[in-house]
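Colleague: I'm new to this one. Could you take me through a single part of it, the side of one chain that touches the other?

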Amino acid sequence: MKDFFLYLFIPKESNNHRAKILHHTNLFLTIIFLLLTSFFIQKLRVTFPSVLGVKAEISLQELLTLTNKERQNNGIAPLAFNDKLTDAAAKKADDMFEYDYWAHNSPSGKTPWVFIKSSGYKYVYAGENLARGFSTTEDVIKAWMTSSAGHRENMLSSNYQDVGFAVKLGKLNGEETVLIVEELGNLNIPIARNKTAEIATASQTQAAVKNAHSQNREPFINSLSFSSNINMMIILIFIFVLLLDMIIIEKKKVMRFVGHNADHILYLMLIMALVGILKGVII
Amino acid sequence: MFARLSKHSAYYASLIVILTLGFLLAYNSSNRSFQIGAVIVTTFFYVLWGIMHHLINHDLNVKIVIEYILIGLFGLTIIFFLLSTNGNY
């Protein structure tokens, strides 16, 4: 067993002075293995969501707090939590799951404003931010705040004074996912407001949080962190083997015609960084 | 090892620039298709740069080309694995 691992990970005469895992055949087999495993995991997610499913720790209270924190950092009055907008956000999320779409407008042409109006919120200004596939509140807010597609403008617009959120678990395109809907609005023509505007009372928000969480059930394995962790582990193994290979060969002064390990390490570090940032999707 | 790395410092600096640009493009976009495009383009340039470097050093052969392509494919497979298994593509 020990010999096998040495053969696999350490460059020596028996593996032609190149860790066996870095040989072309093994790299190719690793790629095939990853493709097959991803196919298997995808099937497992769809067939047994209670085993491998989505688990998100996103609360409405945190969404409101972090949104208002960003606004305050930019000198804009905080948003007040609004039950009607929360109702509109929930209806919008339900509609996306029911008619299986991921867009601001439904396939039948229903705009976000239809949901806001039907909840009884007679807005002068309104806006909507959508996100899916995130596992923490911080990641959602960060994605919206770093977006150049209007999400940041919505978050920081002084045209809005109220906000409502919905965090719902359901299936889109046959895949289980968590949808986060943010509906923003203003009942009046905006005027300069001071920063002490009243925000949601704790009881209101907590009731809404309870409602949102009641729709989540905990899977045995969280697919969001599971695939990230597996990928991180595989990349780290390869970086470690490449580094070890580079050091040992340099020490032994063995002449080989192979690619530069340092190039591969740098490239894999980029992939590792991307695994860390490619989380959810926003529109 | 460090002597060789410093000898090729200009090459590594340019590679770091390519990879950093690729990362920044993906990081600063909220569009998933654009992010995937940035990863593919960066991988393409990484393979191209690796080949060019060996070509300049007069030690390029088919096995080296295949190695860069396989490492590039490995990186892309990792990203595909991540996005397809968490449903966030």
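Modeller: Here is a walk through that side, followed by a look at the cores.

This is a predicted model, where local features need pLDDT of at least 70, side-chain atom pairs count only at pLDDT 80 or more, and totals for chains, interfaces and linings use all residues. Residues are numbered from 1 along each chain as its sequence is written, with chains lettered from A and ligands numbered from 1 in the order in which they are written.

So, the meeting place: 48 residues of chain A are in contact with 42 residues of chain B (contact is C-beta atoms, placed from the backbone, within 7 Å). On the chain A side, the elements giving two or more residues include helix 2 (24-47), helix 9 (223-252) and helix 10 (261-277); helices (H or I, at least four residues) and strands (E, at least two) are DSSP runs, numbered from the N terminus. Helix 10 of chain A gives the most, with 12 residues. By class, that side has 27 nonpolar, 16 polar and five charged residues. Here Ala, Val, Leu, Ile, Met, Phe, Trp, Tyr, Cys and Pro count as nonpolar, Asp, Glu, Lys and Arg as charged, and the others, Gly among them, as polar.

Chain B, the partner, has four helices and zero strands. Of its 89 residues, 36% count as buried, meaning 20 or more other C-beta atoms, placed from the backbone, lie within 10 Å of a residue's own.

Now the cores, sets of buried Ala, Val, Leu, Ile, Met, Phe, Trp, Tyr and Cys residues joined through C-beta atoms within 7 Å. In the largest, with 41 residues, A:Phe165 and A:Ile180 touch the most other members. Helix 4 of chain A gives the most to this core, with six residues. A second, separate core of 29 residues includes A:Tyr267, B:Leu19, B:Tyr46 and B:Leu82.

Terms used
A residue is buried if 20 or more other C-beta atoms lie within 10 Å of its own, exposed if 12 or fewer, and partly exposed in between; C-beta atoms are placed from the backbone. Two residues are in contact if their C-beta atoms, placed from the backbone, lie within 7 Å.
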